[in-house]
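Biologist: I am new to this structure. Could you show me how to read its features, one at a time?

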Amino acid sequence: MIIRLGLLLLCVVIGASVAQAQTQEETASPSVATASSKTMAERITTAATAAKLTTATQSPGADDIQRHDATEARAAADSAVAALADGELRAVPLYEEYELIEWINANRHLQQVRDKDNCQLTQDIEARAEVLRLPAYQFLWGDMLAWGVCVPQQSRRGLTMLWKAAEQGLPAALEQLGRYYYDGTLVQKNRERAAPLMQEAASLGFEKAQFTWAKWLLSGSGSPLDYPQAYLWLKEMVLNDKKQHQEAQRLSAALAARMPAPKVKELNHRLMF
């Protein structure tokens, strides 16, 4: 009787454990959750088998042995449940879009995916880019494809995804495509196509693009009509980095030297900071 109760208790606990594993699998990253839940299932099966074998080897009718079997069964069930909570089901959380944008702006997004998360979220990233069409994920997925990070390299498909992010107004995508066309990276060099991309990224307040756009203007891109706005962007930057601060001063002074003094004076009166 005690053996039967012990086995019944084991089945109930194992059933609850499997249900818990399945629930966590649904909410976790597919690639990580599947592997983890498989490990849990194996451990639970092993525990159940061990409990049954222990019961089978005992002589029926001996109360002390039956009590021992029940204890063994309960211990095996407890071990299975503990396996679900010992950290093995911890999945890498999917990125919030704001933090992904921060990594992209700092050029740390590919390092995060490959070096820190070991390519575990590739399917999730693809789904959010291809199906949900989230611009930050389109950029990330496009870069992964373009450079073969965690996936086979498909540069054409990657650039297509970067364009989709740019069409949704993601500044980093506009800036990166501008650089690619300006330098001839992965695409044919086309500086006429590069200029409006970089200028658009700068107009969205992307400081990296504002610096680059000012440099391009001083190198002959754009036109003198673009100087005033580029000058204002540089002068209104609020920068904690000393080198960036000095660079903004240098570039704004160079642009000012190419404009009439009255125009520069007018622009200085319009500054917010």
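Biologist: Let me start with one residue. Is Tyr180 buried or exposed?

Modeller: This is a predicted model, so every value here is computed from it. A residue is called buried when its relative accessible area is under 20%. Tyr180 has 6%, so Tyr180 is buried.

Biologist: Which ring pairs with Tyr180, and how is the pair arranged?

Modeller: A pair of aromatic rings is described by the distance of the centres and the angle of the planes. The structure holds four aromatic pairs. In one of them, Trp147 and Tyr180 meet edge-to-face. Their centres are 6.4 Å apart, with 80° between the planes. This pair links distant parts of the chain, 33 residues apart. Trp147 belongs to helix α7 (residues 135–147), and Tyr180 to helix α9 (residues 171–183).

Biologist: Why does Trp147 count as partly exposed?

Modeller: Its relative accessibility is 39%. Partly exposed covers values between the buried limit of 20% and the exposed limit of 50%.

Biologist: How is the pair of Tyr182 and Trp216 arranged?

Modeller: That pair is stacked. The centres lie 3.9 Å apart, and the planes differ by 10°. Again the pair links distant parts of the chain: Tyr182 is in helix α9, while Trp216 is in helix α11 (residues 207–218). They are 34 residues apart. Tyr182 is buried, at 11% relative accessible area. Trp216 is buried too, at 7%.

Biologist: What sits over the ring of Tyr182?

Modeller: The charged end of Arg191 does, 3.9 Å from the ring centre.

Biologist: Where is Leu186, and what does Leu186 touch?

Modeller: Leu186 lies in the loop between α9 and α10 (191–203). Its relative accessible area is 36%, so Leu186 is partly exposed. Leaving out residues up to four places away in sequence, Leu186 touches Ala146, Trp147, Ser155, Leu159 and Tyr180. Both members of the edge-to-face pair, Trp147 and Tyr180, are on that list. Distance in sequence and distance in space are separate readings. Leu186 and Arg156 are 30 residues apart in sequence, with 8.6 Å from C-alpha to C-alpha.

Biologist: Now a helix. Which residues of helix α5 are buried?

Modeller: Helix α5 spans residues 109–116, and its buried residues are His109, Leu110, Gln112 and Val113. They cover an arc of only 165° around the axis, so they are on the same side of α5.

Biologist: What covers the buried residues of α5?

Modeller: The cover includes α4 (97–105), α6 (122–130) and α7. After α5 comes Asn118, whose phi is positive, near 55°.

Biologist: Which residues touch the most other members of the largest nonpolar core?

Modeller: That core has 61 residues. Tyr95, Ile125, Met144, Trp213 and Leu255 touch the most other members. Take Tyr95. Not counting residues up to four places away in sequence, its contacts include Leu100, Trp103, Leu121, Ile125, Tyr137 and Leu140. Tyr95 also touches Gln112 and Val113, two of the buried residues of α5.

Biologist: Let me step back. How many helices and strands are in the chain?

Modeller: There are 14 helices and zero strands. Buried residues make up 41% of the 273 residues. Among contacts between residues at least 6 apart in sequence, 61% join residues at least 24 apart.

Biologist: What is the accessible surface of the chain?

Modeller: The total is about 15200 Å². Carbon and sulfur atoms account for 52% of that surface.

Technical notes
Residues numbered from 1 in each chain as written. Predicted model: local features only at pLDDT ≥ 70, side-chain atom pairs only at ≥ 80, totals over all residues. Heavy atoms only, no water. Phe/Tyr/Trp six-rings, centres within 6.5 Å; stacked < 30°, edge-to-face > 60°. Helix = DSSP H or I, 4+ residues; strand = E, 2+ residues; numbered from the N terminus. Buried < 20%, exposed > 50% of the residue type's maximum accessible area, 1.4 Å probe, protein only. Lys NZ or Arg CZ within 6 Å of the ring centre and 35° of its normal. Contact = heavy atoms within 4.5 Å. Areas by Shrake-Rupley, 256 points an atom, 1.4 Å probe, with all protein chains shown as cover. Core = buried A, V, L, I, M, F, W, Y, C linked by side-chain atoms within 4.5 Å. Arc of directions from axis to C-beta.
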